[in-house]
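Hello,

Here is the structure I promised to pass on to you. Please have a look at it first, and then read on for what I found.

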Amino acid sequence: QVKLMESGGGLVQAGGSLRLSCAVSGSIFRVTPMTWYRQAPGKQRELVATISTGGSTNYADSVKGRFTISRDNAKNTVYLQMNSLKPEDTAVYYCNSILGWDWGQGTQVTVSS
C-alpha cells in the first residue's frame, strides 16, 4: 500500500517562503501524476497544483506565480515551493496522486500577517 509523508510546514510571516516535501513509498510514484491540495479551517479541500510524470504543471489561480511544484523520481518525492506567502495560504497541505491514494497526515502551514 502506498504511503504519503508530508513535511516542511511551519509558521512564517507574510511574504516569506516555505518548501514542502512529500515522500511516497512505492515505485508507482514514477508513473503517476502528483498533486498538492490544501484545506483551510472550515473549508473544503482544494487542489493547489499538479505535476505530470513528464514535469508539466498546473496551478490554481490563487497560487499561480507564487508556488512551484516539482518532483524527483529518483527520491520518490514531490515538492511545493511556496513564495510570497499570504495569510490566506494558511492551511493543512496534503499531497496525493491523481489515482486518489489514502491521505497522509498533511503538514500545517500558518502565515501570519
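Let me begin with a puzzle: is Arg38 buried or exposed? This is a predicted model, and in it Arg38 has a relative accessible area of 5%. A residue counts as buried under 20%, so Arg38 is buried.

That arginine does not lack partners. Arg38 forms a salt bridge with Glu46, where the closest N and O atoms are 2.7 Å apart. Glu46 has a relative accessibility of 33%, so this residue counts as partly exposed. Arg38 also forms a salt bridge with Asp89, with 2.9 Å between the closest N and O atoms. This second pair links distant parts of the chain: Arg38 sits in strand S4 and Asp89 in the loop between S8 and S9, 51 residues apart. Asp89 is buried as well, with a relative accessible area of 1%.

Asp89 has a further partner in Arg66, and here the closest N and O atoms of the salt bridge are 2.7 Å apart. Arg66 lies in the loop between strand S6 (57–59) and S7, while Asp89 is in the loop between S8 and S9, so the pair ties together parts that are 23 residues apart in sequence. Arg66 counts as buried, at 11% relative accessibility. Put together, Arg38, Glu46, Arg66 and Asp89 are linked in a network of salt bridges. The count of salt bridges in the model comes to 4.

Now for the overall picture. The chain has 10 strands and 0 helices, so to speak a β-β-β-β-β-β-β-β-β-β pattern when read along the sequence. Its radius of gyration is 13 Å, close to the 13 Å that the globule rule gives for 113 residues, so the chain is as compact as a globular protein of that length. The C-alpha atoms fill a box of roughly 40 × 25 × 20 Å along the principal axes. Of the 113 residues, 43% are buried. Among contacts with a separation of 6 or more, 54% are between residues 24 or more positions apart. The chain exposes about 5,800 Å², and carbon and sulfur atoms supply 49% of that area.

On to the interior. The largest nonpolar core has 28 residues, and those touching the most other members are Trp36, Val78, Leu80, Met82 and Tyr93. Strands S3 (18–24), S4 (34–39), S5 (46–51), S7 (67–72), S8 (77–82), S9 and S10 (107–112) each supply at least two residues of this core. The largest share, 4 residues, comes from S3.

Tyr93 is a good place to start looking around. Leaving out residues up to four places away in sequence, Tyr93 touches Glu6, Leu20, Trp36, Tyr37, Arg38, Val48, Phe67, Leu80, Met82, Gly106, Thr107 and Val109. Arg38 of the salt-bridge network is thus one of the residues that Tyr93 touches.

Cys95 is worth a stop too. This cysteine is found in strand S9 (residues 91–97), and its relative accessible area is 0%, so Cys95 is buried. Beyond four places away in sequence, Cys95 touches Leu4, Glu6, Cys22, Thr35, Trp36, Val78 and Trp103. The C-alpha atoms of Cys95 and Thr107, which are 12 residues apart along the chain, are separated by 9.5 Å.

Outside, there is a nonpolar surface patch of about 390 Å², made by Ile28, Val31, Ile98 and Leu99. Ile98 belongs to the loop between S9 and S10. With a relative accessible area of 54%, Ile98 is exposed.

Finally, two backbone details. Most residues other than glycine have a negative phi. Asn76, however, has a positive phi, near 50 degrees. Asn76 lies in the loop between S7 and S8 and counts as buried, at 12% relative accessibility. Ser84 also has a positive phi near 50 degrees. Ser84 is placed in the loop between S8 and S9, and at 41% relative accessibility Ser84 counts as partly exposed.

Happy browsing, and best wishes!

Definitions and conventions:
Residues numbered from 1 in each chain as written. Predicted model: local features only at pLDDT ≥ 70, side-chain atom pairs only at ≥ 80, totals over all residues. Heavy atoms only, no water. Buried < 20%, exposed > 50% of the residue type's maximum accessible area, 1.4 Å probe, protein only. Contact = heavy atoms within 4.5 Å. Core = buried A, V, L, I, M, F, W, Y, C linked by side-chain atoms within 4.5 Å. Patch = residues over 30% accessible without salt bridge, like charges linked within 9 Å, V, L, I, M, F, W, Y side chains within 5 Å. Areas by Shrake-Rupley, 256 points an atom, 1.4 Å probe, with all protein chains shown as cover. Salt bridge = Lys/Arg side-chain N within 4 Å of Asp/Glu carboxyl O. Rg over C-alpha atoms; globule rule 2.2 N^0.38 Å.
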